Amino acid sequence: MHPGVRPIEDSVVRDFKVNLSYGRYLHLDELLNAQHPVSVPEHHDELLFILQHQTSELWLKLVLHELREVTRRLAKDDLRPALKGLARVKHIQRTLTEQWSVLATLTPSEYAEFRSFLGTSSGFQSYQYRAVEFMLGNKDRRMLALFNDDEAAREMLVEALETPSVYDEFLRYLHRHGHDVPVELLHRDVTLPYRFNDDLVPVFVNIYSDTEKHWEAYEACEELVDIEENFQLWRFRHLKTVERTIGFKRGTGGSSGVDFLRKALDLTFFPELYAVRTEIGVPR
């Protein structure tokens, strides 16, 4: 055998009439044939555009899977596995953010050749992305109207809307562990977007002022801040990729485009965890 050729070991499975193969396990025949460009004639770069968004949706599916488990674990006071889940979400977020660098290789001239074929389809209509925001506390019942024609998507969003967010469950966890979380936050309407509560800030001041005593709560706080910061980085990278690709054109789904995305940078999931930073180290 040629020295540069690696032999196939005799023990390697070759018969897949009965045995489960890699391709069948992953349903690769479906996955790799799920890209259907709509441009006529088909534009070379449309495959990149489709794959970018499909892979993002797969990662968002995993984010949702992990966040659901995080909320369940927090509700059971099982903090360590919850933190493990948040750590995994952080790695997924970094991957999603870095993916924009691939789409950024799509120049304005290239995108212009097939953008008109996209019609009114838009990433704004991603129900999984919306569900992630709901699970982190940025809930907006008005968004349900975008999915009136997709029963499964609407059901997913209704469930996320009506389920306590990660932050809701974390605050309940803190209450059960002796922290003076304002009672109105423990019984708030979880279908509404979370709003800053000034009375919660002293709770976090107490945690950050004695990290050794409150180490687990402190660690959880910092994990949540990481999640929010990563989300903001993703939003910013999204904005800049859109800006370099279409400038200030309107979005295909009808939004104002870059200006609309820029407003999202002001949204926050865990406002008190940022407010407490101003208070740390201030003489009292």
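L20 sits in the segment before α1 (22-26). Keep in mind that you're looking at a predicted model here. Is L20 buried or exposed? With a relative accessibility of 60%, L20 counts as exposed, because the cut-off for that label is over 50%. L20 also has company: together with Y22, Y25 and L26, L20 makes a nonpolar surface patch of about 510 Å².

**A pocket to look for**

Now turn to the second largest pocket, which has a volume of about 170 Å³. Its lining is made by E30, L31, L32, A34, Q35, L51, Q54, T55 and L58. Two elements, α2 (28-31) and α3 (46-75), each give two or more residues to that lining. Which of the elements gives the most? That's α3, with four residues. As for chemistry, the lining of this pocket divides into five nonpolar residues, three polar ones and one charged one.

**Salt bridges**

How many salt bridges does a search of the whole structure find? The count is 16. Here are three of them, with the distance between the N and O atoms.

| Pair | N to O distance |
|---|---|
| R235 and E133 | 2.5 Å |
| R142 and D140 | 2.7 Å |
| R262 and D259 | 3.5 Å |

Start with R235 and E133, whose side chains meet in a salt bridge. This pair ties together distant parts of the chain: R235 belongs to helix α11 (residues 215-246) and E133 to helix α6 (residues 127-136), and they are 102 residues apart. Are these two buried or exposed? R235 is buried, because its relative accessible area is 5%, and E133 is buried too, at 3%. Both values fall under the 20% cut-off for "buried".

The side chains of R142 and D140 also meet in a salt bridge, but here the two partners get different labels. R142 is exposed, with a relative accessible area of 68%, whereas D140 is buried at 17%.

R262 and D259 make another kind of pairing: both lie in helix α12 (residues 258-264), three residues apart, or about one turn of the helix. R262 counts as partly exposed because its relative accessibility is 36%, and D259 is partly exposed as well, with a relative accessible area of 39%.

Salt bridges can also join up into something bigger than a pair: E69, R72, R73 and D78 are linked in a network of them. Try finding these four in the structure above.

Key:
Residues are numbered from 1 along each chain as its sequence is written. This is a predicted model: local features need pLDDT of at least 70, side-chain atom pairs count only at pLDDT 80 or more; totals for chains, interfaces and linings use all residues. Side-chain values use heavy atoms; hydrogens and water are left out. On a 1 Å grid over the protein atoms alone, a cavity is a set of points where a 1.4 Å probe fits but cannot get out, and a pocket is an open set with protein on both sides within 12 Å along at least five of seven lines; lining residues have an atom within 4 Å of a point. Grid points are joined across faces, edges and corners, and a volume is the space filled by probe spheres set on the points. Ala, Val, Leu, Ile, Met, Phe, Trp, Tyr, Cys and Pro count as nonpolar, Asp, Glu, Lys and Arg as charged, and the others, Gly among them, as polar. Patches are made of residues with over 30% relative accessible area and no salt bridge: like charges are joined within 9 Å, nonpolar side chains (Val, Leu, Ile, Met, Phe, Trp, Tyr) within 5 Å. Accessible areas come from the Shrake-Rupley method with a 1.4 Å probe; for residues, only the protein chains shown count as cover. A salt bridge is a side-chain nitrogen of Lys or Arg within 4 Å of a carboxyl oxygen of Asp or Glu. Buried means under 20% relative accessible area, exposed over 50%, partly exposed in between (1.4 Å probe, protein chains only).
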